[in-house]
Amino acid sequence: MFFIMSVTEKCEQLNYHEVTECPVCGKFGAAEVYMTYSCFSMFFLPLVKFNRRYQVRMNCCGAGAALPKETGEAIRAGEGITVPPEVFDKMVKRNRTCPNCGFSTTEDYEFCPYCGHPMM
Ligand SMILES: [Zn+2]
Ligand SMILES: [Zn+2]
């Protein structure tokens, strides 16, 4: 018997949109919340979602910060919660990392300059 099992990283945008002054580039941008999770699949059927993480990202310059799990879950549940100000204080310019070779940069590369893999 031959099983095809895989674990993939998925990213979902949550229904959150807050216009605010970006702490990184100083422009007005919208804060958007994303949920990243790992998904265990067998025969390409997603079975289990685990390891949920949340992050806020500015749509002006891509700056982002991790969101505490409770806040992320509350936003996902539509509880009318806003991103706490201390999360904006922690925002840093987006660091893109190549999931294939580990190359990391703050430049806006869509694809890894070393191996051509799409950057995260
Ligand atoms: Zn910005
Ligand atoms: Zn690479």
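Is C22 buried or exposed? Here are some points to guide a first look at this structure, which is a predicted model.

1. Let us start with that residue. C22 is buried, with a relative accessibility of 3%. It is one of the protein donors of the zinc ion (ligand 1), alongside C25, C60 and C61. Each of these cysteines offers its SG atom, and the donors lie 2.3 Å from the zinc. C25 makes a nice contrast to look at: its relative accessible area is 33%, so C25 counts as partly exposed.

2. Now for the geometry of this site. The 4 donor atoms around the zinc ion (ligand 1) subtend angles of 104 to 118 degrees, and the arrangement is therefore tetrahedral. If you trace the donors along the sequence, you will find the spacing C-x2-C-x34-C-C.

3. Please turn next to the hairpin. Strand β1 covers residues 5–21 and strand β2 covers residues 28–42; the two run antiparallel and are joined by 14 bridges. There are 6 residues between the strands, and in this turn G26 has a positive phi of about 80 degrees. To find your place in the pairing, look for K10, which stands opposite Y37 in β2.

4. Strand β3, residues 45–58, is where you will find V48. V48 is partly exposed, at 41% relative accessibility. Setting aside residues up to four places away in sequence, V48 touches S38, C39 and F40. You can also compare its position with that of V7: these two are 41 residues apart in sequence, while their C-alpha atoms are 9.4 Å apart in space.

5. Which residues coordinate the zinc ion (ligand 2)? They are C98, C101, C112 and C115, each through its SG atom, at 2.3 Å. The site is tetrahedral, with angles of 103 to 122 degrees among its 4 donor atoms. Along the chain, the donors follow the spacing C-x2-C-x10-C-x2-C. C101 sits in the loop between β5 (96–97) and β6 (104–105), whereas C112 belongs to the segment after β6, so this pair ties together parts that are 11 residues apart in sequence.

6. It is worth checking how accessible these donors are. C98 is buried, at 2% relative accessibility. C112 is buried too, with a relative accessible area of 4%. C101, on the other hand, is partly exposed, because its relative accessible area is 42%.

7. With these cysteines in view, you may wonder about disulfides. How many disulfides does the model have? The count comes to 0. A disulfide is a covalent bond between the sulfur atoms of two cysteines.

8. One more residue deserves a visit. R96 lies in strand β5 and is buried, with a relative accessible area of 8%. Its side chain reaches the backbone oxygen of Y109 at 2.3 Å. Leaving aside neighbours within four places in sequence, R96 is in contact with F103, S104, T105, E107, D108, Y109, E110, M119 and M120. Y109 therefore appears both in that contact list and as the partner of the R96 side chain.

Notes. Residues are numbered from 1 along each chain as its sequence is written. Chains are lettered from A and ligands numbered from 1 in the order in which they are written. This is a predicted model: local features need pLDDT of at least 70, side-chain atom pairs count only at pLDDT 80 or more; totals for chains, interfaces and linings use all residues. Side-chain values use heavy atoms; hydrogens and water are left out. Donors are N, O and S atoms within 2.8 Å of the metal (3.2 Å for Na, K and Ca); water is not among the atoms, so sites may look incomplete. Four donors count as tetrahedral if all angles lie between 85 and 135 degrees; four count as square planar and six as octahedral if opposite donors are over 155 degrees apart and all others between 65 and 115; anything else is irregular. Helices (H or I, at least four residues) and strands (E, at least two) are DSSP runs, numbered from the N terminus. Buried means under 20% relative accessible area, exposed over 50%, partly exposed in between (1.4 Å probe, protein chains only). Two strands pair if DSSP finds at least two bridges between them. A disulfide is a pair of cysteine sulfur atoms within 2.5 Å. A polar contact is a pair of N or O atoms within 3.5 Å; within protein, one must be able to donate a hydrogen and the other to accept it, and residues adjacent in sequence count only if both atoms are side-chain atoms. Contact means heavy atoms within 4.5 Å.
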